[in-house]
Amino acid sequence: MVGGIYIFLGFCFGTALGSFANAAAMRTVAEKKWWGRERSVCDSCGRVLSSCDLIPVISFVVLQGRCRSCRAPIPLRHFTAELSCGALAALFTWRFGLTPALAFAGASLPFLAFNTLTDLETGYIYDSWAVAMAVCGMLLRAAHGWPGLLDGLFGALAGFGVIGAIIVASRGRMGLGDAVLMLGIGAFMGFKLSLLSLYLGFMCGGLVVIPLLLAKMVTRKTAVPLGPFLCAGMVLSMLFGSKILPYLGYITQWPWNIF
Ligand SMILES: [Zn+2]
């Protein structure tokens, strides 16, 4: 168990990661490059934002959600992305303490945020970020040698395989992006927790989509993005996986799984 100061630092770090992931996601969606020295500007008046306009969460609250110059509303998405990443990072710090699991959870956060935001915005998973997530997960796993790497590899292949099989069975009504995203999720989670992430992700999807179907707010033809649910499944799996799997007869620890 860690002290409140670490949880607060985790929150601050998470808001910064959320801010970065949101800026990268929105620039990618707009087909601009997200790296390099290009400064962020107001979408309405084009004014280059100064550092005091870019403090995660706080700037939005102080500016009351409006541009300092032209008073145009700033999309609420910036605020929610920063706040939810901060909250998740605080939760991870509280749950894992200063352990390797915290490094894994923290490193996965910008990828989860990026893929969730782009999928919600465009219905599209950017393969480059999903593959980069898989590479990042495997690099972290290398710290534990071959057992860690193999677990990540099997996790990635299992995740890709399950979604791939659904794509084939649905005759391509689902995009390949979700399968590529599972490469990243599987590399981070390892074999058993990758499958649990999928299961929990589909459960989350069902909990949201079935009421919407019943309320006729979506139809069976509506393209509901799966990526955000897979990301939610991964978060639940990180937080609770090692508590859930013993009920199924598996002892597992994250991030290192003992075969
Ligand atoms: Zn403006």
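Setting aside neighbours within four places in sequence, Ser-108 is in contact with Phe-188, Met-234 and Met-238. That makes a pleasant place to start a walk through this predicted model. Ser-108 sits in helix α4, and it counts as buried because its relative accessibility is 0%, where buried means under 20%. Its side chain also has a polar partner: one of its polar atoms lies 2.8 Å from the backbone oxygen of Ala-105.

**The nonpolar core**

Met-238, one of the contacts of Ser-108, leads us into the largest nonpolar core, which has 49 residues. Which members touch the most others? They are Phe-92, Ile-163, Met-238 and Trp-254. Many helices feed this core: α1 (4-29), α3 (76-96), α4 (100-122), α5 (127-141), α6 (145-169), α7 (177-189), α8 (191-214) and α9 (227-244) supply at least two residues each. The largest share, 10 residues, is that of α4, the helix that also holds Ser-108. Both domain 1 (1-96) and domain 2 (99-259) give the core at least three residues.

Trp-254 deserves a closer look. Beyond its neighbours within four places in sequence, Trp-254 is in contact with Phe-96, Ala-101, Phe-104, Ala-105, Arg-141, Phe-188, Met-189, Leu-193 and Met-238. Two of these names, Phe-188 and Met-238, will be familiar from the contacts of Ser-108. Ala-105 returns as well, as the residue whose backbone oxygen lies 2.8 Å from the Ser-108 side chain.

**The annotated N-terminal region**

In UniProt, an unreviewed entry places the feature "domain: Prepilin peptidase A24 N-terminal" at residues 13-96. Over that stretch the chain is 51% helix and 0% strand, with the end C-alpha atoms 15 Å apart.

**Salt bridges**

How many salt bridges does a search of the whole structure find? The search finds three, and here they are side by side.

| Pair | Closest N to O distance |
|---|---|
| Asp-53 and Arg-47 | 3.3 Å |
| Asp-53 and Arg-68 | 2.8 Å |
| Arg-77 and Glu-121 | 3.3 Å |

Let us take the pairs of Asp-53 together. Asp-53 meets the side chain of Arg-68 in a salt bridge, and this pair links distant parts of the chain, 15 residues apart: Asp-53 is in the loop between α1 and α2 (58-62), and Arg-68 is in the loop between α2 and α3. Is Asp-53 buried or exposed? Asp-53 is buried because its relative accessible area is 11%, and the limit for buried is under 20%. Both of its partners are partly exposed, Arg-47 with a relative accessible area of 24% and Arg-68 with one of 42%.

The remaining pair joins two helices. Arg-77 forms a salt bridge with Glu-121; Arg-77 lies in α3 and Glu-121 in α4, so the pair ties together parts that are 44 residues apart in sequence. Arg-77 is partly exposed, at 22% relative accessible area, and Glu-121 is partly exposed too, at 41%. Through shared partners, salt bridges join Arg-47, Asp-53 and Arg-68 into one network.

Technical notes. Residues are numbered from 1 along each chain as its sequence is written. This is a predicted model: local features need pLDDT of at least 70, side-chain atom pairs count only at pLDDT 80 or more; totals for chains, interfaces and linings use all residues. Side-chain values use heavy atoms; hydrogens and water are left out. UniProt positions are given in the numbering used here, feature names are shortened, and annotations may be inferred rather than shown by experiment. Helices (H or I, at least four residues) and strands (E, at least two) are DSSP runs, numbered from the N terminus. A nonpolar core is a set of buried Ala, Val, Leu, Ile, Met, Phe, Trp, Tyr and Cys residues joined through side-chain atoms within 4.5 Å. Buried means under 20% relative accessible area, exposed over 50%, partly exposed in between (1.4 Å probe, protein chains only). Domain bounds come from an automatic or database domain assignment. Contact means heavy atoms within 4.5 Å. A polar contact is a pair of N or O atoms within 3.5 Å; within protein, one must be able to donate a hydrogen and the other to accept it, and residues adjacent in sequence count only if both atoms are side-chain atoms. A salt bridge is a side-chain nitrogen of Lys or Arg within 4 Å of a carboxyl oxygen of Asp or Glu.
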